[in-house]
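Welcome! Please take a moment to look over the sequence and the 3D structure below, and then read on for a short tour.

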Amino acid sequence: MQTATKSTSLVEIPAWKALKAHAEQVRGTHLRDLFAQDPARGERLTAEAEGIFLDYSKNRVTDETLKLLVELAGQVGLRERTEAMFTGQKINITENRAVLHVALRAPKGESIVVDGEDVVPEVHKVLDKMAGFADRVRSGAWRGHTGKRIKNVVNIGIGGSDLGPVMAYEALKHYSQRDLTFRFISNVDGTDFAEAVQDLDATETLFLVASKTFTTQETMTNARSAREWALKTLGDESAVAKHFVAISTNATEVAKFGIDTENMFGFWDWVGGRYSMDSAIGLSTMIAIGPDGFRELLAGFHAMDVHFRTAPLEKNLPALLGLLTVWYTEFFDAQTVAILPYDQYLKRFPAYLQQLTMESNGKHVTLDGETVSYQTGPIYWGEPGTNGQHSFYQLIHQGTRLIPCDFIGFAKSLNQLGRHHDMLMANVFAQAEALAFGKTAEQVKAEGTADWLVPHRVFEGNRPSNTILADKLTPATLGKLVALYEHAVFTQGVVWNIDSFDQWGVELGKVLATKILGELEATDEPKLDHDSSTKSLIQRYRSSK
């Protein structure tokens with residue numbers, strides 16, 4: 001069992017102290033001045049790898065800032081921690097587990113050893129099994145109980161077993177097989193299930209039940225409702241085997257449910273839920289875009305993995321993103337990061353990143369159990385452009401809070417329509433420019449604005465952003481983008497000296513909900529051992545049922 005050891009507090013590390021002092025020196029410097037002093041800044045403060053271009057010039061940083069951030073990464077052992085992850089060491093110390101989502105996209109022939117076993121061959125064994133199944137569904141060879149072809153695929157999961165698949169499906173819809181309908185059910189609210197299946201024919205519907213233990217409360221509640229719904233039409237219990245498959249490791253529970261364990265797709269305890277979209281959890285993605293498309297997705301992930309592991313930190317895209325987030329979180333009191341993809345296909349990408357980032361780094365103690373004396377885990381949020389511009393950009397531009405932004409855009413549209421894409425990308429570049437440089441009172445007055453109105457029309461600017469560009473959204477590009485943020489989150493966690501791979505914070509609410517569920521469903525008046533608020537709410541609900 002690996003145990004944490006007492007480490008030097010982050011705030012005592014030399015580079016941290018230097019960054020704190022440096023932040024005070026540059027705090028009042030405006031991006032207008034930084035660009036005026038260095039006309040080549042916009043070409044210089046960029047990095048590119050694997051077809052992903054990052055312009056980070058519109059950040060409130062100098063060359064000294066970047067030097068100190070890289071020094072900080074060195075002093076907290078980012079390189080060493082990266083190698084520990086890639087080589088299968090048990091860096092998830094609270095669960096004594098390796099963290100090997102990178103093994104899910106390792107090419108055949110690579111070797112990653114965990115507990116004396118090379119895991120890569122087993123990964124490819126599962127991928128090959130998935131591919132065979134996906135091909136049968138896509139071709140119509142897999143038939144339902146009545147002999148009808150499957151036309152509807154419904155993924156039932158929650159957390160990483162839902163957010164990854166639904167994000168990937170929406171992102172790659174352009175490449176999906178259009179004679180198949182895909183739905184995703186996660187919420188235990190019955191409305192989610194009812195609306196997902198209300199127009200489907202059970203004889204043509206396949207359910208993918210994604211739960212590692214096959215005991216996840218929300219997922220199994222929805223799965224049992226799906227079973228009941230399907231059998232109302234199909235009648236025969238044996239039909240379950242033709243309309244349900246499992247993504248799980250619990251063969252006993254899978255068989256008890258009625259699913260043929262030959263149609264059970266496994267994964268491993270070294271895959272965290274929020275890092276699992278490229279494992280068997282991605283079966284719906286593979287059925288949608290085909291095995292070749294899924295392999296392209298994995299290749300994109302792997303390309304960014306290699307870049308993160310090998311590129312100098314000064315030109316390392318995930319490291320730069322992660323370190324810049326640390327810079328604003330710690331020294332500028334930024335509470336959030338806005339993710340702003342200018343591609344409608346990426347409409348679920350911000351929601352996906354919410355779990356990836358906030359479940360990973362929403363921690364209040366260090367690896368050795370000490371309470372942190374600094375901020376961790378900012379709030380990630382966002383919407384696709386240009387919708388967000390007519391919603392919350394007002395606050396980003398003229399509000400009192402500093403909100404670093406990541407703009408994501410593509411040179412080519414997958415749906416070229418008139419001048420739409422030029423308009424879309426014009427907004428990407430314009431918003432980043434407006435945030436950085438703003439509009440001064442003098443500029444507003446020069447436009448003939450009345451004096452009393454001038455303050456209302458001033459834009460302070462000096463609002464930081466990154467612009468991330470790629471050629472077009474393909475499966476490979478999506479893999480690179482997801483891995484980019486996975487490793488940026490890892491970089492942050494290493495700096496903050498926290499365990500980015502456990503999630504104990506989700507447990508307490510689950511335990512209490514199980515207790516309260518019994519009290520809500522009790523036929524006799526239960527004895528309630530709760531605070532006065534919770535007790536009153538339970539009583540009010542029971543009396544209203």
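## Spaces inside the model

Five cavities of 30 Å³ or more are counted here. A cavity is a set of points on a 1 Å grid over the protein atoms alone where a 1.4 Å probe fits but cannot get out, and a pocket is an open set with protein on both sides within 12 Å along at least five of seven lines. Lining residues have an atom within 4 Å of a point. Grid points are joined across faces, edges and corners, and a volume is the space filled by probe spheres set on the points.

Before going further, please note that this is a predicted model, in which local features need pLDDT of at least 70 and side-chain atom pairs count only at pLDDT 80 or more, while totals for chains, interfaces and linings use all residues. Residues are numbered from 1 along each chain as its sequence is written, and side-chain values use heavy atoms, with hydrogens and water left out.

| Space | Volume | Lining by class |
|---|---|---|
| Largest pocket | about 1,300 Å³ | 16 nonpolar, 19 polar, 11 charged residues |
| Largest cavity | about 140 Å³ | 11 nonpolar, seven polar, one charged residue |
| Second largest cavity | about 40 Å³ | five nonpolar, two polar, two charged residues |

In these classes, Ala, Val, Leu, Ile, Met, Phe, Trp, Tyr, Cys and Pro count as nonpolar, Asp, Glu, Lys and Arg as charged, and the others, Gly among them, as polar.

The largest pocket has a volume of about 1,300 Å³. It is lined by 46 residues, and Ile158, Thr216, Val506, Glu507 and Lys510 are the closest to its centre. Helix 7 (160–171), helix 9 (217–234), helix 14 (349–361) and helix 20 (507–521) are the elements that give two or more residues to this lining, and helix 20 gives the most, with seven. Helices (H or I, at least four residues) and strands (E, at least two) are DSSP runs, numbered from the N terminus.

Which residues are closest to the centre of the largest cavity? They are Leu321, Thr325, Val337, Asp406 and Asn466, out of 19 that line it. Helix 13 brings the largest share of this lining, five residues. For the second largest cavity, helix 19 has that role, with three residues; the lining includes Arg81, Phe490 and Ser500.

## Core and sheet

The largest nonpolar core, a set of buried Ala, Val, Leu, Ile, Met, Phe, Trp, Tyr and Cys residues joined through side-chain atoms within 4.5 Å, has 129 residues. Buried means under 20% relative accessible area, exposed over 50%, and partly exposed in between (1.4 Å probe, protein chains only). Helix 19 (residues 475–496) contributes the most to this core, with 12 residues. Among the core residues with the most contacts inside it are Trp270, Ile287 and Tyr485.

An open sheet is formed by five strands in the order 6-5-7-8-9, with parallel pairing. Strand 6 (181–185) and strand 9 (264–265) are at the edges with a single partner strand each, so one side of each has no neighbour in the sheet. Strands pair if DSSP finds at least two bridges between them; five bridges join strand 5 (residues 152–156) to strand 7 (residues 205–210).

## Backbone details

Asp333 is not a glycine, yet has a positive phi of about 55°. This residue is in the loop between helix 13 (317–331) and strand 10 (336–341), and counts as exposed at 54% relative accessibility. The peptide bond from Gly385 to Thr386 is cis, with omega near 10°.
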